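This report covers a predicted model. It goes through a cavity, a helix pair and one backbone feature.

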Amino acid sequence: MIEFIKVFLDPLHLLVRVGDLLLEKLVGEVLDTVVGRCTACLKKATCSHCACDCHTVTIHNLVDLASQARCHLFFWTKYVDSHEDPAVKVKTLKWSTPYGREIFNLLQDLNLAALLPSRAPQIKAVWSGFLDLLAVVDGEILLSDQEISKFQLAAKSWVNDLTAPSIGDHTSATFQRGMYPGCVTPYIHALVYHVPEMLERCREMGIPLRWMSAEPVEGKNHIHVHRFFASTHRDGGWPGDSAEVELMDIERRLFYDKFVLNFSNEGGKVHEMKIVQ
């Protein structure tokens with residue numbers, strides 16, 4: 001297991017995870033505000049994943065604007081199980097997840113005014129606030145205690161803007177629409193409460209945080225989800241063993257295949273590896 005004190009976040013994973021959330025919220029809001037929705041679409045409480053044909057023009061417009069911002073974005077439809085009846089398949093809308101540089105271009109240069117004129121300044125402020133925080137995490141300069149405290153205060157202020165609730169009655173002329181209440185993800189939590197600690201540890205080691213990588217944690221999580229939680233067996237498929245033990249055994253075998261066998265073939269002495277429960 002990876003010790004918590006040895007876990008670091010890197011700017012790339014932070015950008016992709018948070019940027020993907022901001023893109024999802026934008027797409028949902030754009031589709032929810034489509035003018036001239038069909039009758040079937042109007043019966044739904046939300047259209048954020050609706051695949052109705054009345055969204056075609058809006059989707060093409062979003063794709064074109066993303067392309068102008070140097071981001072390759074595309075949509076497709078997929079049939080999934082209905083929440084009400086698993087035996088019924090429902091056509092839903094899916095979209096691609098841009099990689100690091102593309103999601104950065106999207107957050108920086110997307111013409112929001114062409115999509116949501118009344119909401120563009122508010123959304124742009126949230127996006128710009130995140131990019132400002134990302135620039136600090138991705139910086140080469142080691143921060144002092146005062147600068148780290150300032151970063152944490154700025155991160156908390158950004159989360160407040162991100163999760164700002166709506167104010168007033170939506171039928172009133174004084175209604176002020178909020179952003180995305182309740183959307184704090186583990187990466188956003190880490191940005192506020194753990195990245196400042198990581199910046200301090202990196203300063204003690206004399207290296208910037210951007211030199212660190214979250215790939216070991218992401219890789220472990222990928223194996224965990226792919227092998228166990230994406231299958232029909234919850235908490236592992238082997239009777240008597242937890243998912244954590246199975247995960248460690250898989251990593252042991254991967255390590256054996258990649259390093260130990262090569263070492264043995266070169267005439268080295270190999271010791272048996274066991275998992276102690």
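Helix α8 provides the largest share of the lining of the largest cavity, 3 residues. Helices here (H or I, at least four residues) and strands (E, at least two) are DSSP runs, numbered from the N terminus. Both α5 and α8 (195-205) supply at least two residues each to this lining. The lining residues are V136, V137, G139, I141, L142, L143, L199, C202, R203, I207, P208 and L209. A cavity is a set of points on a 1 Å grid over the protein atoms alone where a 1.4 Å probe fits but cannot get out, and lining residues have an atom within 4 Å of a point. The volume of the largest cavity is about 70 Å³, and the structure holds 1 cavity of 30 Å³ or more. Volume here is the space filled by probe spheres set on the points, with grid points joined across faces, edges and corners.

Residues are numbered from 1 along each chain as its sequence is written. In this predicted model, local features need pLDDT of at least 70, side-chain atom pairs count only at pLDDT 80 or more, and totals for chains, interfaces and linings use all residues, while side-chain values use heavy atoms, with hydrogens and water left out.

The axes of helix α1 (residues 11-32) and helix α5 (residues 120-137) come within 11 Å and cross at roughly 175°. α1 and α5 are therefore roughly antiparallel to each other (an angle over 145 degrees). On the α1 side, the contact (heavy atoms within 4.5 Å) is made by P11, L14, L15, V18, L22, L26 and E29. On the α5 side, I123, V126, W127, F130, L134 and V137 take part.

The table gives the residue classes of the two sets. Ala, Val, Leu, Ile, Met, Phe, Trp, Tyr, Cys and Pro count as nonpolar, Asp, Glu, Lys and Arg as charged, and the others, Gly among them, as polar.

| Set | Residues by class |
|---|---|
| Contact of α1 with α5 | 12 nonpolar, no polar, 1 charged |
| Lining of the largest cavity | 10 nonpolar, 1 polar, 1 charged |

R70 lies in the loop between α3 (56-68) and β1 (75-81). Although R70 is not a glycine, its phi is positive, about 65°. R70 is partly exposed (20% to 50% relative accessible area, 1.4 Å probe, protein chains only), at 46%.

Overall, the protein has 10 helices and 2 strands. Of its 277 residues, 38% count as buried (under 20% relative accessible area).

Terms used
Axes fitted to C-alpha atoms, helices over the stretch in contact; angles between N-to-C directions. Parallel < 35°, antiparallel > 145°, perpendicular 65-115°, else oblique. 1 Å grid on protein atoms, 1.4 Å probe; cavity = no way out; pocket = protein on both sides within 12 Å on 5 of 7 lines; lining within 4 Å.
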